[in-house]
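User: I would like to go through the labels used for this structure and see what each one rests on. Please set the values against the cut-offs.

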Amino acid sequence: MAATFAQLFTPKLVTVLREGYRWPHFRADLLAGLTVAIVALPLSMAIAIASGVSPDRGLTTAIVGGFLVSLLGGSRFQVGGPAGAFIVLVAATVAQHGVDGLILATMMSGFILLAAGYLRLGTYIKFIPYPVTVGFTSGVAVIIFASQIVPLLGLTLGAVEPGPLAKKLPVIWAALPSMNLEAVAVAVGALAIILAARAWSPKAPGMLIAVCGAALATWALHLPIETIGSKFGGIPGSLPMPKLPEFDLAKMQAVLPAAISFALLGAIESLLSAVVADSMSGRRHRSNCELVAQGFANIGASLFGGFCVTGTIARTATNVRSGAHGPVAGMLHAAILLAFVLLAAPLAFYVPLAVLAAVLAFVAWNMFERFAFGAFLRGRGGEAVVLLSTFLLTIFRDLTEAIVVGFALGAVMFIHRMSKVAEVETHMPFVAEDVADSENHRGKYGGADPDVIIHRVKGAFFFGAAGLMDAVLDRIGDAHKALVLDFEGVPFLDSSAVNAIHAVVAKAKKQRVRVYISGTNKAERREMVTHGIAVADVIFKASAETALAHWRGNSR
């Protein structure tokens, strides 16, 4: 048991160090960590601002949370920090419960993730259908983009910007006359730099170049646009001291739904990110260990005033492409971000909010899974329904509700398809005495025997397919003396299926028809007996052939 626990929860950092860690490995991790930090720096501030909190909280989340994710995680290349997928949930939590409520919900989500990891639920979280993932990711992308229209255009709103999209768009439309052309120019210029860097030199830090260029232009030209300094007073030059968030039972109950949402989305996002890293690197992550690391990271981030931490796909993919050797790269990325806070925080004073909005608009464009979205719409109708339901509920209702409904619809679709695969084949067995006279009718069992009927069940036999036994029930009568139920082609059966079998056995007993059950294993036979199928009423055999042979030998 101890060995199994160690295999599941040993951090990848320990595994890498056991393999032998040398200077070339550290150099590779240092270069990868620097590259990821360059990407994470503007993103962390932009995500924090879009979430309704100050940019320094985004950096704190990336530093503390990112360090713990790499230190304790089950993925070799995972990079943690604030994620765009959380913007909607975080902003709603701040609006409803304030920043203190957000920090408390983050800590509580950490404990939920710890429990999920130690209960080994990570294996099951990966079963969320792909259309659900595409639907909520694309829906979040739309919401993120909509949330950045105001800073992108430099609009001045007469009231607080509404959260729901349906209410937000009319307010934005009414505020269009207040558009700030300088802000628009800065945003367009930043997007042009990002796109040009991506097209001509993919390894160049396009986002950081755009942010630095915009800040320099704002300072040099005294542009009348909103900046980090004008809105937040800049960024503190140090991390805050750790402290427990204020809490009491009533407040914990109030933020519990948000904490559950953070934990659910964080688990999904981090494990998806780990899977992406595995596909790029050929390695394998430990899903439950990863959830435990996410739990500690959220607890740690909340102690320093940060918010939700998760594995981030963009930064993790950058880490892999940059040649990282192991988790040290993610730890160094956090250390480099800390160095920026300690040494260069004043430089963020002139960063325009419009350029950070441009960065997030670019992120939202990449988040919207256009090709997968189109493929599902062109594919089978059931998957399109799951996709659109999740997508529309994410935009117009609630992210957690969208995931739950999407998962439920996906499960129903799967059950429906599996029930269609299951079938019952009816065979009239053949007796040896008739073979010579019926040579042209030779089958699996010989010539026709009117006393015995064989029902061979194929496919998954579960509650969705339990109705298959109705046809068997209808055929039980005085015309036959023996019935063989063959389950050799059944990969598994559940209690509903066993209950349906019990009904067949009960009717056969009343009709004085002998019942044979073949093709089941020991566990399935025990399940049948547990659910009331008496051993005296059935004869269990290894195969339909042996059951038929037993009937012939005892019916003469």
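Analyst: Rings of Phe, Tyr and Trp (its six-membered ring) count as a pair if their centres lie within 6.5 Å; planes under 30 degrees apart are called stacked, over 60 edge-to-face, and the rest tilted. By that rule the structure holds eight aromatic pairs. This is a predicted model, in which local features need pLDDT of at least 70 and side-chain atom pairs count only at pLDDT 80 or more, while totals for chains, interfaces and linings use all residues. Residues are numbered from 1 along each chain as its sequence is written, and side-chain values use heavy atoms, with hydrogens and water left out.

User: Why is the pair of F9 and Y118 called tilted?

Analyst: The ring centres of F9 and Y118 are 5.2 Å apart and the planes meet at 45°. The distance is within 6.5 Å, and the angle is neither under 30 nor over 60 degrees, so the pair is tilted.

User: What makes F9 and Y118 a link between distant parts of the chain?

Analyst: F9 belongs to helix 1 (residues 2-9) and Y118 to helix 5 (residues 87-118), with the two positions 109 residues apart. Helices here are DSSP runs of H or I with at least four residues, strands are runs of E with at least two, and both are numbered from the N terminus.

User: Are F9 and Y118 buried or exposed?

Analyst: Buried means under 20% relative accessible area, exposed over 50%, and partly exposed in between (1.4 Å probe, protein chains only). F9 has 11%, so F9 is buried. Y118 has 44% and is therefore partly exposed.

User: Why is the pair of F349 and Y350 called edge-to-face?

Analyst: The planes of F349 and Y350 stand at 70°, with the ring centres 5.2 Å apart, so the pair is edge-to-face. F349 is partly exposed at a relative accessible area of 35%, and Y350 is partly exposed at 35%. Elsewhere, F368, F373 and F391 form one aromatic cluster.

User: How do you know that L485 is buried?

Analyst: The relative accessible area of L485 is 0%, so L485 falls in the buried class. L485 sits in strand 7 (residues 482-489). Leaving aside residues up to four places away in sequence, L485 touches H455, V472, I501, V504, Y516, I517 and S518. A contact here means heavy atoms within 4.5 Å. The C-alpha atoms of L485 and S518 are 6.2 Å apart, although 33 residues separate the two along the chain.

User: What makes the backbone at R120 and R512 worth a remark?

Analyst: R120 has a phi near 65°, a positive value in a residue other than glycine. R120 is in the loop between helix 5 and helix 6 (122-125), and at 28% relative accessibility R120 counts as partly exposed. R512 is not a glycine either, yet has a positive phi of about 60°. R512 lies in the loop between helix 22 (495-510) and strand 8 (514-518). With a relative accessible area of 77%, R512 is exposed.

User: How does the radius of gyration of the protein chain stand against the globule rule?

Analyst: The radius is taken over C-alpha atoms, and the rule is 2.2 Å times the number of residues to the power 0.38. For 556 residues a compact globule would come near 24 Å, but the protein chain has 31 Å. The C-alpha atoms fill a box of roughly 105 × 60 × 55 Å along the principal axes.
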